[in-house]
Amino acid sequence: MKKLLTTLILLLALLTTPVLASSDITPPEITMLGENPTFLDVGELYNDPGVVAVDDIDGDLTGFVITLTNLSSSRYPGKYFVRYEVVDSAGNLTVVQRSVLVGYTRTFLPITVLNK
Ligand SMILES: [Ca+2]
């Protein structure tokens, strides 16, 4: 009888314990400052204009943004990236990426097709 009573008390405790599941399913928003893509001349120093990150529940998360890049130097022409990642307190992840084009022209000329 005592064992049954203990089991019932434990079962009642489990049923009345609030579930700590988060209802926040909205990831933060990241707004890039500056241009995307960013064009650099070969050898020009890259100065990251940064981002602003805001979450519907946590508010301003700009200070928690992690920045990753494969651009170590602009000495060589190529396509590089700067990736920004931020997670809200519920674990929702947002990732945005900026392209950094070194040695590319900023304008695109129209292509003329010649008939033979
Ligand atoms: Ca959120």
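In the predicted model, strands E1 and E3 are joined by 4 bridges and run antiparallel. Within this pairing, Ile30 has Ala53 of E3 as its bridge partner. Strand E3, which spans residues 51-55, is also connected to E4, here through 2 bridges and again in antiparallel orientation. In the pairing of E3 with E4, Val54 is placed opposite Asp60 of E4. The connection between E3 and E4 is a hairpin of 3 residues.

Taken together, these pairings give an open sheet of 3 strands with the order E1-E3-E4 and antiparallel pairing. Strand E1 (29-32) and strand E4 (59-60) occupy the edges; each has a single partner strand, so one side of each lacks a neighbour in the sheet. Strands of a sheet pair through backbone hydrogen bonds, in either a parallel or an antiparallel arrangement.

A further residue examined was Val82, which is located in strand E6 (residues 78-87). Val82 has 22 other C-beta atoms within 10 Å; because the criterion for a buried residue is 20 or more such atoms, Val82 is classed as buried. Apart from residues up to four places away in sequence, the contacts of Val82 are Asp48, Thr67, Thr69, Leu71, Arg98 and Val100. For one of these contacts, Thr69, the C-alpha to C-alpha distance to Val82 is 4.3 Å, with a separation of 13 residues in sequence.

Technical notes:
Residues are numbered from 1 along each chain as its sequence is written. This is a predicted model: local features need pLDDT of at least 70, side-chain atom pairs count only at pLDDT 80 or more; totals for chains, interfaces and linings use all residues. Two strands pair if DSSP finds at least two bridges between them. A residue is buried if 20 or more other C-beta atoms lie within 10 Å of its own, exposed if 12 or fewer, and partly exposed in between; C-beta atoms are placed from the backbone. Two residues are in contact if their C-beta atoms, placed from the backbone, lie within 7 Å.
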